[in-house]
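Here are a few exercises to work through with the model open. Try each task before you read its solution.

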Amino acid sequence: MRIGLAADNGNWHKARLREALRGLGVEPVLFSLADVAVMTGGGEPLRVPGFADGLPDGVLLRTIAGGTFEATTMRLGVLHALVASGVTVWNGPTAIERSVDKAATSLLIARAGLPTPDTFVVSKREAAAEIVAREARPGKPIVLKPLFGSQGEGLMLLEDPDDLPAQETVSGVYYLQRYVPRSDGLWRDYRVFVCEGRAIAGMIREGDGWITNVHRGGRPFAWDVPARAAELAEAAAAAVGVDYTGIDLVEDGEGGFLVLEVNSMPAWSGLQQVTAVDIAGAVARGFLNAVRAARPPRLVSALG
């Protein structure tokens, strides 16, 4: 198989995915989406580094480098063009667009009937102020999240409409979500890793503050994922259409869980510290299974 591994950053994850693919008998071609070009005038117009004589059979996507709106649009366009050409892409561009846009994720989770904290997404500060005034109060804040963001960056707890930042600060979109505190006062949430539609590992994350991302100092602990959490994570992955993902959950205070986030380019270095499951190996196997399933069977002559 002709396999590409697209990873613009994240050397730890890149190395483990490359090692996992090699362990399964495949030598991946490393490339960056930033180096893919479109050139018309003869042959395949999409030019992927390392595949001079055509397109790969599959592309395993680890990260997309940050950049301007135009650069990001082009890179997503490249992924859409690969999918349209019959290339298996994990995660595909539609799944990435749905999960990167938190409003789209919340909409899909709600439409699927899955439990999630009450969420409000508006464009104007006046509308956001009305929501905060109605829904928040001292000791019962609303969370403001960047529409596009990860690793706990840019989060704010709001109790008063006057605390809302200006529209230009949030790029013209206020994504507000009800904060769900724990009755015991701990800052704790959960991550479930789903691959090929199945929950394969999970962890508890605890922090010294309300933001528990491992990247921000949160501490990972082993977690034997209960069936109800596994089923919810699997349903959330299916609702958004991701092939491999990290699903963030919080407890609802009534013995169940709520979906917080669906991550299409999840990190798992913290999770790998507390689980015996080979996460990179599971992703590589699932991806290659998908590539094989999508490839047409080869004709075998009657002479063998």
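**Exercise 1: An unusual peptide bond**

Asn91 sits in the loop between strand 6 (88–90) and helix 3 (93–100). Keep in mind that this is a predicted model.

Task: find out what the peptide bond from Trp90 to Asn91 looks like, cis or trans.

Solution.
- Step 1: Recall the background: most peptide bonds are trans.
- Step 2: Check omega from Trp90 to Asn91, which is near -25 degrees.
- Step 3: The bond is therefore cis, against the usual trans form.

**Exercise 2: Positive phi outside glycine**

Task: look at Ser171 and Glu196, and work out where each one lies and how exposed each one is.

Solution.
- Step 1: Phi of Ser171 is near 55 degrees, and Glu196 has a positive phi of about 55 degrees. Neither residue is a glycine, and most residues other than glycine have a negative phi.
- Step 2: Place them. Ser171 is in the loop between strand 9 and strand 10, while Glu196 is in the loop between strand 11 (188–195) and strand 12 (198–206).
- Step 3: Ser171 has a relative accessible area of 68%, so it counts as exposed, the cut-off being over 50%. Glu196, at 45%, is partly exposed.

**Exercise 3: Salt bridges that span the sequence**

Task: the structure holds 11 salt bridges; trace the ones made by Arg188 and Arg205.

Solution.
- Step 1: Side chains of opposite charge can pair when their charged atoms come close.
- Step 2: Arg188 meets Glu206 at 2.4 Å, N to O. Arg188 lies in strand 11 and Glu206 in strand 12, so this pair ties together parts 18 residues apart in sequence.
- Step 3: Check the burial of that pair: Arg188 is partly exposed at 23%, whereas Glu206 is buried at 14%.
- Step 4: Arg205 pairs with Asp248, with the closest N and O atoms 3.4 Å apart. Here Arg205 in strand 12 is linked to Asp248 in strand 14 (residues 244–251), 43 residues apart. Both partners are buried.

**Exercise 4: A network and a patch**

Task: which residues are linked with Arg134 in a network of salt bridges, and which gather with Asp160 in a patch of negative charge?

Solution.
- Step 1: Arg134 and Glu135 meet at 2.9 Å, N to O. Arg134 is partly exposed at 47%, but Glu135 is buried at 15%.
- Step 2: The network also takes in Asp118 and Arg178.
- Step 3: For the patch, Asp160 is joined on the surface by Glu159, Asp162 and Asp163. Asp160 itself is in the loop between strand 9 (156–158) and strand 10 (174–178), partly exposed at 34%.

Definitions and conventions:
Residues are numbered from 1 along each chain as its sequence is written. This is a predicted model: local features need pLDDT of at least 70, side-chain atom pairs count only at pLDDT 80 or more; totals for chains, interfaces and linings use all residues. Side-chain values use heavy atoms; hydrogens and water are left out. Patches are made of residues with over 30% relative accessible area and no salt bridge: like charges are joined within 9 Å, nonpolar side chains (Val, Leu, Ile, Met, Phe, Trp, Tyr) within 5 Å. Accessible areas come from the Shrake-Rupley method with a 1.4 Å probe; for residues, only the protein chains shown count as cover. A salt bridge is a side-chain nitrogen of Lys or Arg within 4 Å of a carboxyl oxygen of Asp or Glu. Lys and Arg count as positive and Asp and Glu as negative; His and the chain ends are not counted. The place of a charge is taken as NZ of Lys, CZ of Arg, CG of Asp or CD of Glu. Helices (H or I, at least four residues) and strands (E, at least two) are DSSP runs, numbered from the N terminus. Buried means under 20% relative accessible area, exposed over 50%, partly exposed in between (1.4 Å probe, protein chains only).
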